[in-house]
Amino acid sequence: MQITITTLSDQLFTIEVSEDLELENFKALCQEETGVPALEMSIVWNGRPLHDDKLTLKQYGIQNGEMVLIQHLRGQISQSQAAGHSRSGIPNIDFGSIRLPGGSQQAQTRREDDPAFIREMLLANPSQLALLKERNPPLAEALLSGDMAKFTKVFEEQRQARIKEEEKRIRLLSADPFDPNAQQQIEEAIRMKNIESNMETAMEFAPESFGQVHMLYVDCKVNGYPVKAFVDSGAQMTIMSQQCAERCHIMRLVDRRWEGVAKGVGTQKILGRVHLCQIQIGNVFLQSSFSILENQPMDMLLGLDMLKRHQCVIDLRKNQLEIGTTATITPFLGEADLPEHARLNQPTNTSTQEEDRELAEVLSRSAQEASGSSSNKQSSRSQPSTSPHQFSEEIVARLMNNGFSRNAVLEELRRSNGDADQALATLFSKSFSMP
């Protein structure tokens, strides 16, 4: 029969076992999957712990498809302690690692809690800084602003939010699974976990989906004046802004009897219509009509009416516009040739320019430092990677105090070969911006 196993660290897997398997042998199988020693393992089924290791799963009443919870009881349990555990029904848990309020350990200042240390660590790592700008813009903006007070405020707000989320998750795992509110929260937690897993898969196998693409523009002339026209097959009609119409000296042809409101993504006032005007694309002249809009950011938009009239083909493979009625081809503009409002990397304000300049300085400084420390890094990378269960509990607990789950901490420690500072920088860089 199949039994689903879950742990407090979000592990979830299914194993195939016999219903006549004794509990102690079942624990041994689970030890291979979870890494939790069998002597420090407690099996919980339907809200009650299973104590007698000699009883079989069938004798306990566990059936095919059911789920059990594995709890890790800290500290080694001897055979006599295990017997006392089964008689008393109280787990023998080592409370020595729990920090009491006001204790000396809690009074010590940890580097991971110091915003200044986190700031310097992120600034010294260009790859993590780039990831931070993509995944956590508020913290990245505060980091690059140079204002330590602002960075400390955002850092603490996000850290406390993560801690609250982790506490909420722990309460959820210990709640009554049959409570409707708990079931609703569990469903939402599973949904969000699936979304994050889907996004991580997309970032690994389809990273291009997270990039931006610039829109399709072509060079043309209206009444002899150069215009950059946006090709939009999703627009019903060809439109032009009032500023562009004045620049091309065709406002005298506007028929104001066609005033109205253009509705789409928002609404804009239509001043009127130019019934016929020539558009020059390349060496050919095409007839078209325009609706003149009062507040339109782009100069001109070639809509479906004009594209169908001249049997145009948008060829994305060749990045060109084919005009069927004249058998001519015009290429779409590159990003550098687009109008200012349509560029993806246009400078929006002074702060953005300062951020880019500071990022360039960080990259340059990092490249200089890398030449002196490359040998040390190479030797550390040549060491075999550490198993997730060999990390110091003190390091794991220290990183978890920043609001990250145990599973995420262990994963980043594994990826960084046990480097706690590198793991912490990656965790902060990957953290999403908090509402």
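The following exercises, each with a worked solution, concern a predicted model.

**Exercise 1.** Determine which residues have the most contacts inside the largest nonpolar core, and which elements give two or more residues to this core.

*Solution.* Begin with the core itself, which has 31 residues, those with the most contacts inside it being Val222, Met240, Ile279, Phe290, Ile292 and Met300. Turning next to the elements, those that give two or more residues include strand 6 (217-222), strand 7 (225-231), helix 10 (242-247) and strand 11 (284-293), while strand 10 gives the most, with five residues. Finally, take Met300: leaving aside neighbours within four places in sequence, Met300 is in contact with ten residues' worth of surroundings that include Cys220, Val222, Phe230, Met240, Ile279 and Phe290. A second, separate core of 27 residues includes Phe117, Phe151, Leu399 and Phe428.

**Exercise 2.** Decide whether Lys27 is buried or exposed, and find the residue whose side chain makes a polar contact with that of Lys27.

*Solution.* Lys27 belongs to helix 1 (residues 23-34). Because its relative accessible area is 8%, and buried means under 20%, Lys27 is buried. The side chains of Lys27 and Asp53 are joined by a polar contact of 3.2 Å; beyond four places in sequence, Lys27 also touches Ala38, Met41 and Ile43.

**Exercise 3.** Establish how far apart Leu172 and Gln185 are in sequence and in space.

*Solution.* Leu172 lies in helix 8 (residues 148-174) and is buried, since its relative accessible area is 13%. Leu172 and Gln185 are separated by 13 residues in sequence and by 7.4 Å from C-alpha to C-alpha. Leaving aside neighbours within four places in sequence, the contacts of Leu172 are Ala182, Gln185, Ile186 and Ala189.

Note on methods. Residues numbered from 1 in each chain as written. Predicted model: local features only at pLDDT ≥ 70, side-chain atom pairs only at ≥ 80, totals over all residues. Heavy atoms only, no water. Core = buried A, V, L, I, M, F, W, Y, C linked by side-chain atoms within 4.5 Å. Buried < 20%, exposed > 50% of the residue type's maximum accessible area, 1.4 Å probe, protein only. Helix = DSSP H or I, 4+ residues; strand = E, 2+ residues; numbered from the N terminus. Contact = heavy atoms within 4.5 Å. Polar contact = N/O pair within 3.5 Å; in protein donor to acceptor, adjacent residues only side chain to side chain.
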